[in-house]
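Take a walk through this structure, one feature at a time. Keep the sequence and the 3D view side by side.

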Amino acid sequence: ANASFLGQEGALGGLHDMRHGVTVEAQPFVTATADGLRDEISGDFTREDVNPDAGLNLRLGFSSYALDVTANPDFSQVESDEGQVTVNERFALFFPEKRPFFLEGIELFGSPQTLVYTRRIVNPKAGAKLTGKFGQLGVAHLTAVDETDAGNAWFNVTRLRRDFGRNSIAGVTFTNRDQTGNHNRVLAGDFRYVWGLYYTQFQYGRSWTNGGGSSVGAPIWQAEFDRTGRSWGFNYLLNGQGAGFDAQAGFVNRLRSGVVTGHAFNRFTLYGAPRALLENLTVFFGPERIWLYDDFGFEPGLEGREQLDATFQLRGGKEIALKPACDEAIGMGGCDAVRHVVVYKRTGGNVVMYDGMVWDQTYGDYGSFEEAQITTAAKGADSMNPGLTMNLIVKSGSNTFKGLGSANYQSGDFQSDNI
C-alpha cells in the first residue's frame, strides 16, 4: 500500500549488474547579427558591423551525479510557454521550466512550498549546477549570474534531501539572491513521512530580506495530512505565511502574505456492481477557511466556505452532479440556506437545474440572480473538466450566495477533422 495511486501499482525487479560510464555532452554555439537600415531619401541600405556571440553548454554525467556548466547560454530553440491570461492580474503567473540547463535534476530541488523556482533567473550569463544522489542523500546546488537592468544578480540555491523508509524524506533548503548590496535569503526544513495509504508532511522556514535601508524577516510553514484510498480519502492542509515573507529565488504567492489558509477536504466513493446502472458515487465535502496570521488559533476565520459535491457516474458515460455551494463571511450571519445546482447529461447536450428550475438555452429565471457569468474554459486549476462553467450570484438576504455548476461533454464530433 502507498499514499498515491501510482505507488499502488506493481514493482519492477530483476535489474542488476548495471553500469554507467561518464557521459560528456558539449554544445558550443556561435551566432552573429548585422543590423541594417534603408535610407528613406537615398534608398541606400546600410548595415552595422557584425556582432558575433558565442557560448557553451557542458555536462558531465557520472553514475550517481551530474555536473552542468553553461556560459552565455542560448535558449532560442526552447519550446514556447503556453499562453495564460495576464489581464488585470494582481499576482505572478507560474510558467514551468523548459530550459535544458535548469531541467537537469530539477526534482531534487522540490519541497512542499515552491522555494526554488529557476524561472526567476531570467537572463543568465553563466551558471553551474551539481545534482545527484550519494546513497540515501540527495544533493542539489545551483549558482548562476542573472543579467538585469539594475546590474548582475547572483543566485545560490542548495537543497539536501535524506531518504528513509520506502518513500519518506527529510530535507533542508537554502536560497540566496544578492544584487548591488541588497540580499534575500531563505532557509527552510521539511519532513514527509509515508505509511500505508497515509502521508504527513511539515515544513517551516524563514526569509531575511535586506534592501532600501531596511531589513524584514518573516516565517512560512505548512502542515498536511493525507489519505489516498480507493473508497475513502482526505486531505487536511494548513498554510501559514507571515507578513513580509519574500522568496526571491522561489515562487510563493505574496497575496497570501500575513494570513493562514486551511481546508479539510474529504472524499467517499461507492462502487456499484458490475454492469449496474450506477457505476460509482463520489462525494467531496469539507470546509475552507482564511485567518489573519496573528489571529490564527485565537479568532474565527476571516472568511471561508463549505463545500459539498456529489457525482453519480451512470452506465454509458452519463453523469449527474449535485453541487451546492455557499460562501461565508465573518459578521454576515453565516450560511442559512444552500442553493443547489444539478448538472446532468443526455443525448444532444447538457441540462442544468438550479433550485429545481431548468436552465437551458431558451429560459432562465434571471430575476432571481444578482449576477450571472457564463464562460467556457479548458481544464485547469479553476475547472477540473473542460466545458461550460457558470458562476451565479443570487439575491438572498444580507448574504451573498454563489452557485457553481460545470458541464462537460465529450464527443468525436468535436475532433479537429470534423470542425
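Is Arg 275 buried or exposed? Arg 275 counts as exposed, because its relative accessibility is 80% and the cut-off for exposed is over 50%. Bear in mind that this is a predicted model. Arg 275 sits in the loop between β14 (259-271) and β15 (278-292). Its backbone deserves a look too. Arg 275 has a positive phi of about 65°, although it is not a glycine.

Thr 180 offers a second case of this kind. Its phi is near 45°, a positive value in a residue other than glycine. Find Thr 180 in the loop between β9 and β10. Thr 180 has a relative accessibility of 60%, so it counts as exposed.

Now turn to another loop. Leu 108 is in the loop between α1 and β6. This leucine is buried, because its relative accessible area is 8% and buried means under 20%. Which distance separates the C-alpha atoms of Leu 108 and Arg 161? The answer is 7.6 Å, although the two residues are 53 residues apart along the chain.

Ala 310 gives another pairing across the sequence. Ala 310 belongs to strand β16, which covers residues 303-314. At 11% relative accessibility, Ala 310 counts as buried. Its partner in this comparison is Arg 267. The two are 43 residues apart in sequence, and their C-alpha atoms are 9.7 Å apart in space.

Next come the charged pairs. How many salt bridges does a search of the whole structure find? It finds nine. Three of them can be followed here, starting with Glu 104 and Arg 59. Their closest N and O atoms are 3.0 Å apart. Glu 104 lies in the loop between α1 (100-103) and β6, while Arg 59 lies in strand β4 (residues 51-61), so the pair ties together parts that are 45 residues apart in sequence. The two partners can be set side by side for exposure. Glu 104 is partly exposed, with a relative accessible area of 26%. Arg 59 counts as buried, at 18% relative accessibility.

A second salt bridge joins Asp 163 to Lys 133, with the closest N and O atoms 2.3 Å apart. Why does this pair tie together parts that are 30 residues apart in sequence? Because Asp 163 lies in strand β8 (residues 151-164) and Lys 133 lies in strand β6. Asp 163 counts as buried, at 15% relative accessibility. Lys 133 counts as partly exposed, at 31%.

The third salt bridge is between Arg 159 and Asp 190. Here the closest N and O atoms are 2.8 Å apart. This pair links distant parts of the chain: Arg 159 is in strand β8 and Asp 190 is in strand β10 (residues 182-195), 31 residues apart. Arg 159 and Asp 190 are both buried. Salt bridges can also share partners. In this way Arg 59, Asp 68 and Glu 104 are joined into one network.

Move on to the surface. A nonpolar patch there has an area of about 840 Å². Its residues include Tyr 65, Leu 67, Val 69, Phe 134, Phe 174 and Trp 208. Which elements give two or more residues to the nonpolar patch? They are β5 (65-71), β6 (124-134) and β9 (168-179). Strand β5 gives the most, with three residues. Leu 137 also helps to make the patch. Leu 137 is found in strand β7, residues 137-148. It is partly exposed, with a relative accessible area of 34%.

Finally, look for enclosed space. Rolling a probe the size of a water molecule over the atoms shows where empty space is left. A search of the whole structure finds one cavity of 30 Å³ or more. The largest cavity has a volume of about 30 Å³. Which residues line the largest cavity? They are Val 116, Tyr 117, Thr 118, Arg 120, Ile 121, Leu 142, Phe 155, Val 157 and Ala 249. The lining divides into seven nonpolar residues, one polar and one charged.

Technical notes. Residues are numbered from 1 along each chain as its sequence is written. This is a predicted model: local features need pLDDT of at least 70, side-chain atom pairs count only at pLDDT 80 or more; totals for chains, interfaces and linings use all residues. Side-chain values use heavy atoms; hydrogens and water are left out. On a 1 Å grid over the protein atoms alone, a cavity is a set of points where a 1.4 Å probe fits but cannot get out, and a pocket is an open set with protein on both sides within 12 Å along at least five of seven lines; lining residues have an atom within 4 Å of a point. Grid points are joined across faces, edges and corners, and a volume is the space filled by probe spheres set on the points. Ala, Val, Leu, Ile, Met, Phe, Trp, Tyr, Cys and Pro count as nonpolar, Asp, Glu, Lys and Arg as charged, and the others, Gly among them, as polar. Patches are made of residues with over 30% relative accessible area and no salt bridge: like charges are joined within 9 Å, nonpolar side chains (Val, Leu, Ile, Met, Phe, Trp, Tyr) within 5 Å. Accessible areas come from the Shrake-Rupley method with a 1.4 Å probe; for residues, only the protein chains shown count as cover. A salt bridge is a side-chain nitrogen of Lys or Arg within 4 Å of a carboxyl oxygen of Asp or Glu. Helices (H or I, at least four residues) and strands (E, at least two) are DSSP runs, numbered from the N terminus. Buried means under 20% relative accessible area, exposed over 50%, partly exposed in between (1.4 Å probe, protein chains only).
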